[in-house]
Amino acid sequence: MGASGRSVAGKHILVTGGAGFIGSHLVDLLIAEHAAHVTVVDDFFLGSESNLAHARSRMPSLRILRLDAADERALRDAFARLDPVDVVFDLAVIPLPTSLEKPKWCFDTNVLITSALCEMLREGRFPTLVHFSSSEAYGSAHALAMDESHSLEPLTPYAASKAASDHLVRTYAATFGVDALVVRPFNNYGPRQNDREYAGVIPTLLHCVFEQRPFAIFGDGEQTRDYIYVTDTVRAVVDLYGCPAARGRVVNVGSGTEISILDLVERLERIVGARVPIEHRPSRPGDVRRHRADVTLLRDLVGFEPQVRIDDGLAQTVAFYRERAVSRVEIG
Ligand SMILES: NC(=O)c1ccc[n+]([C@@H]2O[C@H](COP(=O)([O-])OP(=O)(O)OC[C@H]3O[C@@H](n4cnc5c(N)ncnc54)[C@H](O)[C@@H]3O)[C@@H](O)[C@H]2O)c1
């Protein structure tokens, strides 16, 4: 609980994108921390009901509204029917790979979701917004580690939508004095990350190992990311919500360490006990080169230390996708 006494316990919390990867883990934590009601808003572009199965078993009253959060009218109608909402955690997003195929739609959708929520926050429809940014908003690192004052130089339309949304939330806080916080996660990994169309690196890599298909490395494989296990991220975000000094701020959420894609492949090979067939391809435009979070602010605000070491987190992730691969074969 933050120094103000603010906690998620007893609150009505709305989570956009709550059926997705990070959102579903956030919902699990909110329920474990005794939120009174949790409402998920998701259009299931990538999210799934199965991501919320655990949450439903813990909170049978969990409400799931299937709607497009970029449709402001639909969002307003939903709020009008709900009991008062204490805080919105905004995670709904069209992901980076989609922005390479449908840049305008990705940009417009992501920004529209944020602008609709900012307006409703300004009008007092709910008192607090916790908006999810992304380290992608920074672009490639000029200096490591990257703190929150690093310039925003997005390299993809997705990253541009994240940077634009961050600016919007901050201007609403500065101009209208609303209670808004921007959390800026680095690369998350763990169970429930989408592993189908537009999949992230780790689920893609694991499918390649399990199915002995070649995994494409773009460029020399020395590009790095700051990987943080998803349960560490949602813990940090809930703690930041409770922290009065975090209001109106942008706060990095990362592990503070970087690993290269080649290192990641080696670690996964050790855990799975099999080689990954690698296919080297030219680097992709828009790929950032290096990322490592400076998490000084996060530490200072909420005393954050990651609880899950990379090899343990990867082992849990492997176990999840292995089980999923087996059940797909059995069902298929
Ligand atoms: N995964 C990461 O490594 C990472 C890193 C940094 C930041 N983030 C941010 O965290 C948030 C969650 O990311 P994630 O990895 O869980 O993504 P995800 O794709 O798993 O989840 C996003 C969810 O949003 C839903 N959604 C998409 N468009 C929608 C719309 N118009 N209306 C309602 N719902 C919609 C999807 O169906 C999905 O369930 C995003 O804001 C993302 O930018 C993620």
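Let me begin with a term: a residue is near a molecule or strand if its C-beta atom, placed from the backbone, lies within 6 Å of it. What we have here is a predicted model, in which local features need pLDDT of at least 70 and side-chain atom pairs count only at pLDDT 80 or more, while totals for chains, interfaces and linings use all residues. Residues are numbered from 1 along each chain as its sequence is written.

Turning to the ligand, 32 residues surround it, and those that come nearest are Gly17, Gly20, Phe21, Gly47 and Ser134. Two or more residues of this shell are given by each of α1 (21-32), β2 (37-42), α5 (103-122) and β7 (187-189), where helices (H or I, at least four residues) and strands (E, at least two) are DSSP runs numbered from the N terminus. The largest share, 3 residues, belongs to α1.

Now the sheet, which is open and built of 7 strands with parallel pairing, in the order β3-β2-β1-β4-β5-β6-β11; two strands pair if DSSP finds at least two bridges between them. At the edges, pairing on one side only, are β3 (63-66) and β11 (250-253). Strand β1 (residues 12-16) runs parallel to β2 and is joined to it by 5 bridges, and His12 has His37 in β2 as its bridge partner.

Finally, α5 lies across β1, β4 (87-90), β5 (128-132) and β6 (179-185), at about 165° to β4, with axes fitted as lines to C-alpha atoms, for helices over the stretch in contact, and angles running from 0 to 180 degrees between N-to-C directions. Helix α6 (residues 157-176) also packs on the sheet, touching β5, β6 and β11, and its direction makes about 155° with that of β6; contact requires C-beta atoms, placed from the backbone, within 7 Å.

Methods
Contact = placed C-beta atoms within 7 Å.
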